[in-house]
Each structure stands twice: as C-alpha cells, then as structure tokens.
Amino acid sequence: MSNTNSSTELQNGFGRVIGIGSFLPKDVLTNDDLAKIVETNDQWITERTGIKTRHISDPKTDTTESMAIAAAKAAVKDSGIDPSEIGLVVVASTTPNILFPALAACVQAAVDADNAMCFDLNAACPGFITAFVTAQNYIRSGMVNCALVVGAENLTNYVDFEDRGTCILFGDGAGAVVLKADENVGYDAIMRAAGKRGECLRCESYMQKGREKTPEFIKSNYINMDGQTVFKFAVTEVPRVIDNLLTKTGTDPDEIDYFILHQANRRIIESVAKHLKQPIEKFPMNIENTGNTSSASIPILLDEMKKAGKLGEGKKKVVISSFGAGLIWGAFQTEI
Ligand SMILES: CC(C)(COP(=O)(O)OP(=O)(O)OC[C@H]1O[C@@H](n2cnc3c(N)ncnc32)[C@H](O)[C@@H]1OP(=O)(O)O)[C@@H](O)C(=O)NCCC(=O)NCCS
C-alpha cells in the first residue's frame with residue numbers, strides 16, 4: 001500500500017480522475033470595489049497577491065450546499081458514470097451553511113448517488129487534497145470502487161470587511177472530481193500538520209454557550225490571520241513537501257507536467273516554482289479571477305484546465321499541493 005508516509009515508489013490500484021466539475025457564483029467583486037470599502041487599492045492587492053477579482057456568493061441564491069451540488073452534478077456528468085456506481089461522497093468544507101446533515105448527504109441526494117456512504121471533512125484550505133487522499137484510501141482498500149470528492153466554500157460569509165489584510169484575499173465557489181479505481185493509475189501522497197503553530201489562522205464559531213458576545217468575541221467569528229506568518233509557512237513547507245514527495249516517488253521535477261498549487265497568493269506560487277527550479281508556466285493559476293477559495297481552489301482550477309484541453313486524458317503527470325489553517329499541508333502525485 002503506497003499511501004503511507006514511508007513507501008518509496010508509486011503503486012497501482014488507486015482512483016483515476018474521470019470527471020471534473022465546478023461552480024463559481026456570478027457576482028464579482030473587483031479590487032476597485034474593495035477600495036470603496038477599506039483603505040486599499042488595485043495596485044497594492046495585485047502586487048502582493050496576484051488577485052484582481054473574486055466571485056462572491058449571492059445571499060439569495062448561493063449557499064455552500066447549492067454550490068457543492070452544482071459542482072458535483074457537473075463532475076458526475078463529465079465522468080459519464082451512472083451515479084449508482086458511486087460508493088463514497090466526501091465534501092471538504094470549512095464554511096458549511098448547515099452543521100448537519102453532512103453536506104455530503106445533500107450532494108448524495110442531489111446527484112442520486114444512492115449507494116454511497118457520505119461524510120464531510122474540515123481541513124480548511126487543504127480540505128480538498130485531504131478528502132482526495134481519504135477517498136484514495138477507501139478505493140485502495142477495496143471498500144469502494146468510485147468516489148465523488150467535493151470542495152465547497154462560502155468564505156465571504158466569514159470575512160471581516162473592515163479588515164483589509166484578509167477581505168482582499170477570499171472568494172466563493174466549489175469544485176468536484178469523480179475518482180474510479182484503475183489498476184494503471186499512479187498515485188502517492190504525503191500529508192503533514194503542525195497544530196502547535198495553528199494560532200496564525202483561526203475562525204471561531206459564533207455558537208458557543210457561555211461566551212459573552214463581546215466585540216473581541218465577535219471579531220473572533222471572522223477569519224483572523226497573521227498574513228506574514230502564513231506566508232512564511234507556505235513558502236517553507238510547500239516546496240519541502242513537494243521535494244519529499246518527488247523523492248518518495250522517484251520522480252525528477254522535470255518529468256512533472258504541472259504543479260497545481262492551492263491558489264492563495266501568486267507570490268507563494270512563484271516562490272515554490274523558484275525553489276523547484278521549474279518554469280512558472282508549469283504552475284497554472286486562476287487566482288487573478290477567483291481569489292482564494294480555500295478547499296474549492298484546486299478542483300475549480302482542474303476544471304478550468306480540463307476545459308482548456310490541458311488535462312483529462314490521463315496523460316499529464318501532476319503534483320497537487322495545498323496548505324492552510326491547522327496548520328495542515330501536503331501534496332499528492334498522479335496522472336490526470
Ligand atoms: C496578507 C498579505 C497579502 C499581506 O501582505 P504583506 O506584504 O505580508 O503585508 P503586511 O501584512 O506586512 O503589511 C504591510 C503594510 O501593508 C498594509 N496593508 C495590509 N493590507 C493592505 C491592503 N489590503 N491594502 C493596502 N495596504 C495594506 C499593512 O497595514 C502594512 O502597513 P504598515 O507597514 O503601515 O503597518 C500576505 O501576508 C499574504 O498573502 N499572506 C499569506 C496569506 C494567505 O495566503 N492566507 C491563506 C492561506 S490558505
């Protein structure tokens with residue numbers, strides 16, 4: 001079994017990505033729009049983050065649930081499978097609109113995956129890769145043959161639009177993939193966490209018995225972030241985990257067609273490319289138009305790449321890596 005943190009070569013018998021889908025809300029917030037809300041400007045945001053616009057949910061029509069369902073339906077359609085084949089639905093979200101039932105059960109109902117087990121998973125921004133790695137292990141163990149993995153977020157619900165250090169970064173959306181067991185697919189992963197360093201990125205639940213609704217407590221219900229600490233964490237740990245993964249799979253970085261990274265900040269992605277001594281063209285980005293959509297960022301980007309004809313025939317060797325609150329980070333390698 002390859003998905004331990006100690007094996008040395010790629011094994012077979014994991015899931016192959018056979019369908020991809022995504023959903024982005026139609027409303028768009030530009031940097032100029034933000035400059036009317038907080039003291040900032042387009043040049044500052046563009047230079048520090050690479051973000052120009054982000055999609056934001058319409059409170060009348062878009063929920064985390066509705067976006068997850070839209071992305072999941074598109075992925076199932078793209079895969080061409082009968083939904084009854086799906087044995088597992090897992091939804092990664094750190095901003096669910098309902099605590100229970102699980103969003104995964106709502107998705108199951110909407111896509112008619114009547115034979116699937118369901119659960120949600122919260123690993124913040126690396127939620128999608130954590131869910132993907134989890135689903136791969138269900139497939140590898142033989143427990144399920146086919147899995148639907150979704151990342152869905154409504155982050156702007158949790159953004160403090162008085163905090164210029166965070167409100168410029170985040171956007172909403174959802175993405176999904178369908179995985180099907182395939183003896184010929186290569187796959188391996190390394191996942192890491194450092195909970196002791198988690199204070200730098202935190203958001204507390206509003207529903208806490210006994211907590212007085214003081215201004216400090218109300219602030220804590222929004223995304224609180226020490227941006228520089230998160231930045232340093234990402235530019236240190238992401239290249240390291242990718243290096244470790246490539247060593248584990250015995251792959252030269254030059255053999256990788258695409259390094260698909262969590263879309264948090266263009267400068268973080270450029271720094272990883274520099275460390276790996278790989279051309280920036282191998283690091284696809286859509287952050288300019290989406291901002292950071294947390295666990296949705298990677299499947300949204302995969303969908304864009306597939307629609308642009310860059311992925312989807314199983315011929316591209318990819319390393320996919322994400323990082324975020326926890327602190328949690330990791331990477332996996334496969335062919336899409
Ligand atoms: C948030 C981030 C863009 C801030 O950029 P930075 O270069 O680290 O900026 P700093 O926080 O050091 O702030 C520098 C100055 O810009 C100011 N500033 C912060 N946000 C600003 C904004 N939106 N517009 C204009 N100025 C801003 C600060 O107040 C500070 O001013 P000061 O020197 O007068 O105090 C950057 O730290 C970052 O992207 N970090 C990673 C965050 C992330 O990806 N989080 C999610 C992980 S999943």
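Which residues are buried in helix 4 (residues 103–111)? They are Leu103, Ala104, Cys106, Val107, Gln108 and Val111. This is a predicted model, and helix 4 is a good place to enter it. The buried residues of helix 4 pack against four elements: helix 3 (64–79), strand 4 (88–92), strand 5 (117–121) and strand 6. Both flanks of the helix deserve a look. Ahead of it, the loop between strand 4 and helix 4 holds Pro101. The peptide bond from Phe100 to Pro101 is cis, with omega near 0°. Just after helix 4, Asp112 takes a positive phi of about 60°.

Confidence comes next. The chain has a mean pLDDT of 95, and 96% of its residues reach 70 or more. Residues 1–12 are another matter: pLDDT stays under 50 there. The model gives this stretch 24 contacts beyond four places in sequence. Where pLDDT is low, predicted coordinates should not be read in detail.

From strand 6, move to strand 7. Strand 6 covers residues 146–154 and joins strand 7 through 9 bridges, running antiparallel. Ala147 has Leu179 of strand 7 as its bridge partner. Strand 1 (residues 14–23) also runs antiparallel to strand 7, again with 9 bridges. Here Val17 is bridged to Leu179. Strand 7 itself spans residues 172–182. Of its 11 residues, 9 are buried, so strand 7 is largely enclosed by the rest of the structure.

Now turn to an open sheet. It has 4 strands, in the order 8-13-12-11, with mixed pairing. Strand 8 (187–193) and strand 11 (258–261) stand at the edges. Each has a single partner strand, so one side of each lacks a neighbour in the sheet. From one strand to the next, the twist averages 10°.

Walk across the sheet from strand 8. Strand 8 runs antiparallel to strand 13 (residues 328–335), and 7 bridges join the two. Tyr187 stands opposite Thr334 in strand 13. Helix 7 packs on this sheet and touches strand 8, strand 11, strand 12 (317–324) and strand 13. The direction of helix 7 makes about 40° with that of strand 13.

The next pairing is that of strand 12 with strand 13. It is antiparallel and extends over 8 bridges. Gly324 has Ile328 of strand 13 as its bridge partner. The two strands form a hairpin with 3 residues between them. The turn has two notable backbone features. Gly326 has a positive phi of about 150°. A cis peptide bond, with omega about -10°, joins Gly326 to Leu327. Leu327 lies in the loop between strand 12 and strand 13.

Strand 12 also pairs with strand 11, this time in the parallel sense, over 4 bridges. Tyr258 has Val318 in strand 12 as its bridge partner. Strand 12 is mostly covered, with 7 of its 8 residues buried.

The ligand brings some of these elements back. There are 18 residues around it, of which Thr40, Gly227, Phe231, Ala264 and Gly324 come nearest. Helix 2 (42–49) and helix 7 (227–249) each supply at least two residues of the shell. By class, the shell has 8 nonpolar, 8 polar and 2 charged residues.

Three loop residues close the tour. Ala124 is found between strand 5 and helix 5 (127–140). Its phi is near 50°, a positive value in a residue other than glycine. Ala124 counts as buried because it has 24 C-beta neighbours inside 10 Å. Ser294 sits in the loop between helix 9 (287–290) and helix 10 (297–307). Ser294 is not a glycine, yet its phi is positive, about 50°. Ser294 is buried, with 34 other C-beta atoms within 10 Å.

Ser205 belongs to the loop between strand 9 (201–202) and helix 6 (215–220). Is Ser205 buried or exposed? It counts as exposed, because it has 9 C-beta neighbours inside 10 Å; the cut-off for exposed is 12 or fewer. Ser205 and Ser220 are 15 residues apart along the chain, and 8.1 Å separates their C-alpha atoms.

Terms used. Residues are numbered from 1 along each chain as its sequence is written. This is a predicted model: local features need pLDDT of at least 70, side-chain atom pairs count only at pLDDT 80 or more; totals for chains, interfaces and linings use all residues. A residue is near a molecule or strand if its C-beta atom, placed from the backbone, lies within 6 Å of it. Ala, Val, Leu, Ile, Met, Phe, Trp, Tyr, Cys and Pro count as nonpolar, Asp, Glu, Lys and Arg as charged, and the others, Gly among them, as polar. pLDDT is the predictor's confidence in each residue, from 0 to 100. Two residues are in contact if their C-beta atoms, placed from the backbone, lie within 7 Å. Two strands pair if DSSP finds at least two bridges between them. Axes are lines fitted to C-alpha atoms, for helices over the stretch in contact, and angles run from 0 to 180 degrees between N-to-C directions. A residue is buried if 20 or more other C-beta atoms lie within 10 Å of its own, exposed if 12 or fewer, and partly exposed in between; C-beta atoms are placed from the backbone.
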